[in-house]
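This report covers empty space, surface and charge pairing in one protein chain. Please keep the sequence and the structure in view while reading.

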Amino acid sequence: MYAVSIFLAIVVLILAIVIISAGVKVVPQSETRVVERLGRFHSVLSPGLNFIIPFVDRTKTIYTRSIQNSIGGRTMVRLTSTPVIDLREQVYDFPSQQVITRDNVTTEINALLYFQITDPKKAVYEIDNLPNAIEKLTQTSLRNVIGELELDETLTSRDTINSKLQVILDDATNKWGVKVNRVELQDITPPESVRVAMEKQMQAERNRRAEILNAEGEKQSLILRSEGEKTSKINQAQAVKEAEVLRAEGEAKAIILNAQAEADAIRKVAEAVAASKTDPATYMLAMKYIETLKDMTSGKDNKTVFMPYEASSVLSSIGSIKNLFSQNQ
């Protein structure tokens with residue numbers, strides 16, 4: 001009897017421990033649980049220590065999505081059922097899908113979705129399989145948005161596409177207690193033939209731009225060269241002009257100085273003639289005679305000079321000129 005009593009006590013103790021452990025729930029931070037009592041929603045457990053009624057209350061399960069790498073290197077999406085509801089921001093990396101643009105080009109696109117569960121009750125009761133619903137909604141929304149754009153717009157308008165998808169998905173998942181924070185398109189892969197055509201188009205565009213730049217360079221070079229030649233000719237003409245002006249000014253000054261010298265000489269001679277009372281005609285005749293003698297004797301060959309008989313009077317005039325200069329001195 002004593003052994004039976006000990007056994008029963010142990011059994012009761014074990015049952016008590018199991019019941020107590022079943023009624024105590026410790027919820028980590030950023031996580032929660034949805035509790036049902038007799039099949040109906042009862043409460044949402046907060047982080048920390050929580051107590052429930054064992055065998056009456058039970059936690060509701062929810063699906064979660066995870067990606068695993070297989071042995072062959074391929075990625076596999078795995079859905080698991082768990083009572084844990086993660087309240088942190090989560091990211092879903094969806095596999096590539098084919099979409100058709102407005103200009104009928106089939107393109108492969110894969111997207112990243114960042115979302116967060118804000119209402120655990122709605123996430124459990126408003127949708128059966130939340131990860132699958134979010135994935136299908138993202139795929140259909142992506143097809144609709146890309147179908148409104150041409151390929152060139154799709155390749156150059158990622159921010160616009162991301163914004164449109166974020167607004168559409170956030171509005172659609174609001175009733176599921178989910179907040180879509182942002183959507184990012186990872187890769188946009190057009191068909192091989194389209195990529196080849198785009199590369200040729202880009203190469204042609206680069207060649208066109210290079211030719212335009214070369215033409216602009218040659219144009220600027222010709223303009224600069226012509227402006228340089230124009231400036232050079234202007235400078236040369238200006239230099240010639242200034243040289244001619246300076247030469248003309250020099251010649252004018254020389255003529256003025258010669259005229260002034262001749263005027264001074266004539267004035268002095270006139271003064272001397274007047275002082276010596278010499279006949280001016282005789283003086284002029286003597287000067288002309290002297291100039292004639294200079295021309296006659298300036299040749300290189302020896303010449304015989306015949307003096308006319310009337311030259312004696314002229315020589316006497318020269319003597320008078322000598323006397324004139326002697327008086328001035």
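I14 sits in helix α1, which spans residues 2–23. The model is predicted. Is I14 buried, partly exposed or exposed? I14 is partly exposed, because its relative accessible area is 46% and the buried class ends at 20% while the exposed class starts over 50%. I14 also belongs to a nonpolar surface patch. The other members are I6, I10 and V18. Together the four residues offer about 320 Å² of accessible area.

**Salt bridges**

How many salt bridges does a search of the whole structure find? The search finds 12. Three pairs are set out here.

| Pair | Closest N to O distance |
|---|---|
| R65 and E135 | 3.8 Å |
| K179 and D170 | 3.2 Å |
| E244 and R247 | 2.8 Å |

Take R65 and E135 first. Their side chains meet in a salt bridge, at 3.8 Å from N to O. R65 lies in strand β6 and E135 in helix α3, so this pair ties together parts that are 70 residues apart in sequence. Are the two partners buried or exposed? Both R65 and E135 are buried.

K179 and D170 form another salt bridge. Here the partners fall into two classes. K179 has 36% relative accessibility, so this lysine counts as partly exposed. D170 has 19%, so this aspartate counts as buried. The cut-off for buried is under 20% relative accessible area.

E244 and R247 are paired within one helix, α6, which covers residues 192–276. Why are they separated by about one helical turn? The reason is their spacing in α6: E244 and R247 are 3 residues apart. The closest N and O atoms of this pair are 2.8 Å apart. E244 is partly exposed, with a relative accessible area of 45%. R247 is also partly exposed, at 41%.

Salt bridges also link R102, E150 and E153 in a network.

**The largest pocket**

Now to the open spaces. The largest pocket holds about 210 Å³. Its lining has 13 residues, and T64, R65, D86, Q90 and Y92 are the closest to its centre. R65 thus appears here as well as in the salt bridge with E135.

Which elements supply at least two lining residues each? They are β6 (62–69), β8 (85–86), β9 (90–93), β11 and α3. Strand β6 gives the largest share, with 4 residues. By class, the lining divides into 9 nonpolar, 2 polar and 2 charged residues.

**The second largest pocket**

The second largest pocket contains about 180 Å³ of space. R65 is in this lining too, along with I67, T75, M76, V77, D93, F94, P95, S96, N110 and Q186. Two elements give two or more residues to this lining: β6 and β7 (75–82). Which of the elements gives the largest share? Strand β7 does, with 3 residues. The residues divide into 5 nonpolar, 4 polar and 2 charged.

**The cavity**

Rolling a probe the size of a water molecule over the atoms reveals where empty space is left. A search of the whole structure for cavities of 30 Å³ or more finds 1. The space in the largest cavity is about 30 Å³. Which residues line this cavity? The lining consists of F94, P95, Q97, I109, N110, A111, T138, Q139 and L142. Strand β11 (106–117) and helix α3 (130–147) are the elements that give two or more residues to the lining. The class count is 5 nonpolar and 4 polar, with no charged residues.

F94, P95 and N110 are named in this cavity lining and also in the lining of the second largest pocket.

**A contact on helix α3**

Helix α3 also holds N144. N144 is exposed, because its relative accessible area is 52% and the exposed class is over 50%. How far apart are N144 and T101 in space, C-alpha to C-alpha? They are 9.3 Å apart, with their positions 43 residues apart in sequence numbering.

How values were computed:
Residues are numbered from 1 along each chain as its sequence is written. This is a predicted model: local features need pLDDT of at least 70, side-chain atom pairs count only at pLDDT 80 or more; totals for chains, interfaces and linings use all residues. Side-chain values use heavy atoms; hydrogens and water are left out. On a 1 Å grid over the protein atoms alone, a cavity is a set of points where a 1.4 Å probe fits but cannot get out, and a pocket is an open set with protein on both sides within 12 Å along at least five of seven lines; lining residues have an atom within 4 Å of a point. Grid points are joined across faces, edges and corners, and a volume is the space filled by probe spheres set on the points. Ala, Val, Leu, Ile, Met, Phe, Trp, Tyr, Cys and Pro count as nonpolar, Asp, Glu, Lys and Arg as charged, and the others, Gly among them, as polar. Patches are made of residues with over 30% relative accessible area and no salt bridge: like charges are joined within 9 Å, nonpolar side chains (Val, Leu, Ile, Met, Phe, Trp, Tyr) within 5 Å. Accessible areas come from the Shrake-Rupley method with a 1.4 Å probe; for residues, only the protein chains shown count as cover. Buried means under 20% relative accessible area, exposed over 50%, partly exposed in between (1.4 Å probe, protein chains only).
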